[in-house]
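Work through these exercises with the sequence and the model side by side. Try each task before you read its solution.

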Amino acid sequence: MPVHDGIDVHHHRATVAGIGHHYVTAGTGPTLVLLHGFPQTSREWHPLIQRLGGRFRVIAPDLRGIGGFPGPASGYDKFTLADDIKGIVEQAGADGPVLICGHDMGAYVGFAYALRHRDSATALVTVDAPLPGTQLGDSLATNPRTWHIPFHSNVDVAHLLIAGREREYIDYFVASRIYDRAAVTTDDIDAYAAAYRAPGALRAGLEMYRALSQDSVDNRAALAEARLAIPFTAVASGVTAVRPALEQMVGEVAEKGQVEIVDRAGHWIPRPARRDHHGHRRASGTPHGNQGGRMTGRSTPELTFWPGSMASRGFIAVLDAARSGGFPATALSPLTLHELLVSGHDRQWIRAEAEARGVRLAQLDGAASWAPIPYADDLPTPLKQRFDFSGTEVLDLAEAAGMDYVLACGAFAAGTVPLDELVASYDAFCRTAEHRGLRVELEFVPFWGIRDLATAWEIVRRADRPNGTLMVDTWHLLRASHEPQAALDLLSDIPEEKVTGLQL
């Protein structure tokens, strides 16, 4: 969608039920209401307003208590916030039903708007927000990966710990859930911190979390009467999305729904995404890496079987070969695991078969989708087929098998991706894997994009993630260097905790 230069953004004040609200408007056309999440304000939509304003009349409010107008002590359930938005929309002069798009907390409000004011919405889009009252949404309160929900819901404790440290907390919170760190700027963080330092704003944001249990009750009651009849699209991050769970959620709430997954995006999807060298988003893929052994420290190696061509004989054959060779652990490819799952075997069966043979499923071999260009266009078709898994799918599969780590490599052509972009992308992938308790070992391959130990170590060193380490294939190490001794000297200089895999 092109940027429409010169679209004016106008700031307004509305008073709804005696409470002041700030909102912005821009553009012309059908009315599109954009609702922000936590810990943001309507500012999160500003880059997109210049794109959307050429097709829509955009209304972007700040939620109750945020945006410079202190909110009341109560009234943060999403049906009440939806009533706020309805009043703002009316005062903004919207003509007829509106399109609703909400991100994060704003998605919860948008969903409540569509349920509570069914005749006033023509379509709903939610962005990276499992909805309260659905199986997926209600599971978040006990999911350790979404720790912030129970933390924020304990309003008094959260306020005590965050107040006075708003900028530090917001910066950490954004960074922990982002794909491209440059997408949310320092100026953005400063603006959000200033907004949540305003009187009552932080507490208002936290109260929205406390109200989620009530939101679940309200949404279930409304859905018991009828699902949404308007078109509904659930947009999700390609880093964390699990499509079957999202599709189930969509079916729970809407008669006409769909799931759209944005590849190479973290939680902050409304922020602009960087493009690849061809000017478009790349589809994710997965490489076929190599692994023969794992090291928890150089003095205590754990032998891990790398299936190689054995993989074509099937999962059970790989386990039997690992057991016969005396290997306590094995690697598996994403393709092998995927074929098992789609053929009807569940994760319990997969783990049980490995345990019965005394073989641990240790490594997922491997991942290419962490890189801006997953693989080269001229890669052989069989390898491309092995690579055809998104970053989310790779991590989901590793989790399903109870693995410890993922092997990452760069199957793109040498020289096609700048080193700075590789560092940023590896950093982002490690952050996402860390939330799942997974390590990411980076392998260099002389005939692919990361050709030598020096380049791989530079990426790992600069990313500086606690779960980011190296896997060194001895054949690749010597083949990649015109001066083998120099490569060995570099290997000896790398901190031992950063070399966790060695293939012999």
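**Exercise 1: A charge over a ring**

Arg 177 lies over the face of Trp 268, at 5.9 Å from the ring centre. This is a predicted model, where local features need pLDDT of at least 70, side-chain atom pairs count only at pLDDT 80 or more, and totals for chains, interfaces and linings use all residues. Residues are numbered from 1 along each chain as its sequence is written, and side-chain values use heavy atoms, with hydrogens and water left out.

Task: Which ring does Arg 439 lie over, and at what distance from the ring centre?

Solution.
- Step 1. Recall the rule: NZ of Lys or CZ of Arg must be within 6 Å of the ring centre and within 35 degrees of the ring normal.
- Step 2. Find the ring: Arg 439 lies over the face of Tyr 405.
- Step 3. Read the distance: 4.5 Å from the ring centre.

**Exercise 2: Aromatic pairs**

Task: How are the rings of Phe 38 and Tyr 209 arranged, and where do the two residues lie?

Solution.
- Step 1. A pair of aromatic rings is described by the distance of the centres and the angle of the planes.
- Step 2. Apply the cut-offs: rings of Phe, Tyr and Trp (its six-membered ring) pair if their centres lie within 6.5 Å; planes under 30 degrees apart count as stacked, over 60 as edge-to-face and the rest as tilted.
- Step 3. The structure holds 12 aromatic pairs. In the pair of Phe 38 and Tyr 209, the centres are 5.4 Å apart and the planes stand at 85°, so this pair is edge-to-face.
- Step 4. Phe 38 is in the loop between strand S3 (31-35) and helix H1 (46-52), while Tyr 209 is in helix H9 (residues 201-210), so the pair ties together parts 171 residues apart in sequence. Helices (H or I, at least four residues) and strands (E, at least two) are DSSP runs, numbered from the N terminus.
- Step 5. Both Phe 38 and Tyr 209 are buried. Buried means under 20% relative accessible area, exposed over 50%, partly exposed in between (1.4 Å probe, protein chains only).
- Step 6. Now compare another pair: the rings of Phe 151 and Tyr 169 have centres 6.3 Å apart and planes at 55°, so they are tilted. Phe 151 sits in helix H5 (residues 148-153) and Tyr 169 in helix H7 (residues 166-175), 18 residues apart.
- Step 7. Look wider: one aromatic cluster includes Phe 38, Phe 151, Tyr 169, Tyr 209 and Trp 268.

**Exercise 3: A residue in a strand**

Task: Is Thr 469 buried or exposed, and what does its side chain join?

Solution.
- Step 1. Place it: Thr 469 belongs to strand S15 (residues 468-473).
- Step 2. Its relative accessibility is 2%, so Thr 469 counts as buried.
- Step 3. A polar contact of 3.5 Å joins its side chain to that of Arg 439. Such a contact is a pair of N or O atoms within 3.5 Å; within protein, one must be able to donate a hydrogen and the other to accept it, and residues adjacent in sequence count only if both atoms are side-chain atoms.

**Exercise 4: Strand S2**

Task: How many residues of S2 are buried, and which strand does S2 pair with over eight bridges?

Solution.
- Step 1. In strand S2 (residues 19-26), eight of the eight residues are buried, so the strand is largely enclosed by the rest of the structure.
- Step 2. Strand S1 (residues 9-16) pairs with S2 in the antiparallel sense over eight bridges. Two strands pair if DSSP finds at least two bridges between them.
- Step 3. Follow one residue: Ala 26 is the bridge partner of Val 9, and in S4 the partner of Ala 26 is Val 58.
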